[in-house]
Every structure is written in structure tokens, then in C-alpha cells.
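Subject: Structure handover

Hi,

Here is the structure I said I would pass on. Have a look at it first, and then read my notes below.

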Amino acid sequence: MRSTFFDPGRMTARLALEAPVATPDGQGGASIAFEERASAWALVEPVAVAIEVMAGSETFTRTHRIWLRWRTDITAGMRLRKGARLFLVGALEDPDESRRYLICHCEEKNL
């Protein structure tokens, strides 16, 4: 497998890794809150934007490729936070199967 060249000096965004935590609501269901588990330096690369009209107003969804150093504690369904921006983790990828870097394919939704 060919090695991927990546300059780690481009990881200039400090992101918080958040995991979902279910809290019983007393009626058989649960409410989901997110709890910060770690923080990491990352490179956030915009990929695409989709605009749609919902209930008479425009919403847009941006997709991003977020590069991190390899870690095993990230799964789909978690999210990364940068200030008020939230990136929902959809899929994970090891670009060259060397366990040096991890690419998170994320979605940022704004209303």
C-alpha cells in the first residue's frame, strides 16, 4: 500500500471530541446529550455544500473531511466541535492503512 504524504503542520484546528450519552427520561425513552471525551488538533477540509428549502426557509448542509492523528476511540455517531460549529461523524477512513492518520467524513448542518 502506498504511503499518503500529509503535512501534520496543517493540523491547526483544535477540536473537542464528543460522545453521545443517553439519559433515561422516566417514560421508557431517553434523551441524548453529548459529553466531551478528548481534544485533538485537526485539519478541516470543506468538501461540498447542499442547499434545500424546508418550511419556507433555506437550510444548508456542508460536508467536511477532517484529518486527525490515528486514534481508536472515535466511532460514527460521535461529533467534533470547534466553538459553535458541530461536525457529525459519519464514516471513518485510514487513508493508507498505516494507522498514522484518521479521516473523519463529517456533516455540518446550519439552520
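First, a bit of vocabulary: a residue is buried when its relative accessible area is under 20%, exposed when it is over 50%, and partly exposed in between, using a 1.4 Å probe and protein chains only. Please keep in mind that this is a predicted model, where local features need pLDDT of at least 70 and side-chain atom pairs count only at pLDDT 80 or more, while totals for chains, interfaces and linings use all residues. Numbering starts from 1 along each chain as its sequence is written, and side-chain values use heavy atoms, with hydrogens and water left out.

On to the overall picture. The protein chain has six strands and zero helices; both are DSSP runs numbered from the N terminus, helices being H or I over at least four residues and strands E over at least two. The C-alpha trace spans about 50 × 35 × 25 Å along its principal axes. Of the 111 residues, 30% are buried. If we call heavy atoms within 4.5 Å a contact, then 52% of the contacts with a separation of 6 or more are between residues 24 or more positions apart.

Now for the aromatics. Rings of Phe, Tyr and Trp (its six-membered ring) pair if their centres lie within 6.5 Å; planes under 30 degrees apart are stacked, over 60 edge-to-face, and the rest tilted. By that rule there is one aromatic pair. Trp67 and Tyr101 have ring centres 6.2 Å apart and planes at 65 degrees, so they are edge-to-face. The pair links distant parts of the chain, with Trp67 in strand 3 (residues 57-69) and Tyr101 in strand 6 (residues 101-110), 34 residues apart. Trp67 counts as buried because its relative accessibility is 9%, and Tyr101 is buried too, at 7%.

There is also a charge over a ring, meaning NZ of Lys or CZ of Arg within 6 Å of the ring centre and within 35 degrees of the ring normal. Here Arg79 lies over the face of Phe34, 3.9 Å from the ring centre.

One last residue to click on is Glu107, which is in strand 6. Its relative accessibility is 33%, so Glu107 counts as partly exposed. Leaving aside residues up to four places away in sequence, Glu107 touches Thr61, Arg62, Thr63, Leu86, Phe87 and Leu88. The C-alpha atoms of Glu107 and Val47 are 9.7 Å apart, with their positions 60 residues apart along the chain.

Cheers
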